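Dear colleague,

Please find below the structure that I am handing over to you, together with its sequence. My notes on what was found in it follow directly after.

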Amino acid sequence: MGSLHDNDETHTKSLFSLLCESGEFFPYIHTDEASVVKSSCQENGRRNIITCKDKNLNEFLLEVNSLDMNTVHLNGVDILLGEYIPVIPRKFFKSSATFIPQKIVAISLSDIFVSPPLNLKDKKYHVSPTLKINRKVLYNPVFKNKKVILLSDARDVLLEHLWWNRKKIKLFDILARIGFYAVSTPNFSLFKGECPMGHAWNIKKGLIYGEELEKRGVMVIPHIYAVHVKQLERWCDWLKRNPSVKTVAMNCQLQRKSIVGRDIAVNALKHILANTDVSIILNGSDKRILSQLEKFKTRLYTASSGAFKNLEIKKQMSPFLYKSWIENTRKVSATP
Amino acid sequence: MGSGTSRKSNDSVIINRPKIQRGSGTGGGQGHNRDMNSICPPTLKVRLNPKKPLPEGSHLTLEKENIVFFDQKVGLLTKAQLTTLTRCIAEGFRYSGKVVNEKGNQYGVFTRQ
């Protein structure tokens, strides 16, 4: 198995895959990973990702101290979570915490800013010029007496902006001082068909991000993405070398929307669950993914803001509705 | 964000060269590499002044500071916009223009490809 999608028509090497030189970075990138490259690694202008042909590649490698995942050691966490973790959206911050029975809740990275961090202009997201983290975000009533996990899942525009400016804005210091119960590392993108160099660099960025937070005393939950079995093998190897990491996360919001995406997610999850003993927080998963992972059910936690968004749409927020929804979700397992 | 097979078209970013590190650590520093996302924004919007309304979604081209629909000059870039586009094209980025209707006006929206 190479690709993580069983019915993949891209098994045939394209011209682009033949020209990809990421395999030179073995063992941190396996030569097989280039076989599914579907776009040119040459002169991509660093659009969304860096490639093996980048003329300043050394600068990017230096930034993450090589592509070797094992230069980063994380202590991680072993948290006993409920089957369902509510992700509370900004619009509900002023609500009473009593509406929510769970002791452990989550917040999305996009919601920890004073105002929405991105503006949609002409169908493209732009970073807000007034971007500022709300250091007192957990003082909102809805978080009273709750343990709050920060799920650092966001759009690339925001994640890359924060990464590039991390020193200038003292990102890690600020995040550490807010008082989150735990923080997941960002879901830096891994799209199939793009240069594996970019994948490996993004995976390493996530680990460095976690390392910086742990240095400041934060409990870290590594976020895992993989679109190739060799990437999964490296993740499993890394998890075995970091045995105290017992909880990891995966964002499925985009993957759940297509058959291919769900295949990639399910195959990756099965591989990790079968080859390690970690538990996984699935952010934005759904029944179509969870139903294929029934035998690992006890090691899967679902984080979702869906219930709040449904309530928001109906504009009927009330304790009664919320409680009835909670009852309902218990009946249909963990899929709101 | 994300993983899978296709990116969201509204979430497009240029990866900046790392800031030059000073001292130890991996956290970046007070370097001078530029934020290409500010220099070459994802979109540029220009008010159009066509003689007759243009079909929405029509393709627009740039000829120096002129915005052109087929042979018709329908708008003009400001000096600042021209400077931005000239620089970004030199950096290797391409901007594709389309007609957009908004609040009774017509605009040319140039999107970074």
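Read along the sequence, the pattern of chain B is β-α-β-β-β-β-α-β-β, which amounts to 2 helices and 7 strands. Please bear in mind throughout that this is a predicted model. Chain B has 113 residues, of which 35% count as buried. Among its contacts with a separation of 6 or more, 49% are between residues 24 or more positions apart.

Chain A contains an open sheet of 4 strands in the order β2-β5-β6-β8, with parallel pairing. Its edges are formed by β2 (104–108) and β8 (220–221) of chain A, each of which pairs on one side only. The partner of β2(A) is β5(A), residues 147–151, and the two are joined in the parallel sense by 5 bridges. Within this pair, Ala106(A) stands opposite Ile149(A) of β5(A).

Ala106(A) also appears in the description of the hydrophobic interior. The largest nonpolar core comprises 112 residues, and those with the most contacts inside it are Ile85(A), Ala106(A), Leu150(A), Val183(A) and Ile280(A). Helix α5 of chain A (residues 196–215) contributes the largest share of this core, with 7 residues.

Which residues does Val183(A) touch, leaving aside those up to four places away in sequence? They are Leu150(A), Ser152(A), Leu175(A), Leu213(A), Val218(A), Val220(A) and Ile221(A). One of these, Leu150(A), is itself listed with Val183(A) among the residues with the most contacts inside the core.

I turn now to the contact between the two chains. It takes 47 residues from chain A and 29 residues from chain B. On the side of chain A that touches chain B, at least two residues each are supplied by α2 (57–63), β3 (118–121), β4 (124–127), α3 (156–164), β7 (190–191), α5 and α7 (259–275) of chain A. Of the elements of chain A, α3(A) gives the most to this side, with 5 residues. By character, the residues of chain A on this side divide into 18 nonpolar, 12 polar and 17 charged.

Strand pairing also links the chains. β7(A) and strand β1 of chain B (residues 3–4) run parallel and are joined by 2 bridges. In this pairing, Leu190(A) stands opposite Ser3(B) of β1(B).

I should be glad to receive your comments once you have had the opportunity to look through the model.

With kind regards

Notes. Residues numbered from 1 in each chain as written. Chains lettered and ligands numbered in written order. Predicted model: local features only at pLDDT ≥ 70, side-chain atom pairs only at ≥ 80, totals over all residues. Core = buried A, V, L, I, M, F, W, Y, C linked by C-beta atoms within 7 Å. Buried ≥ 20, exposed ≤ 12 C-beta atoms within 10 Å, placed from the backbone. Contact = placed C-beta atoms within 7 Å. Nonpolar A, V, L, I, M, F, W, Y, C, P; charged D, E, K, R; others polar. Pairing = 2+ DSSP bridges.
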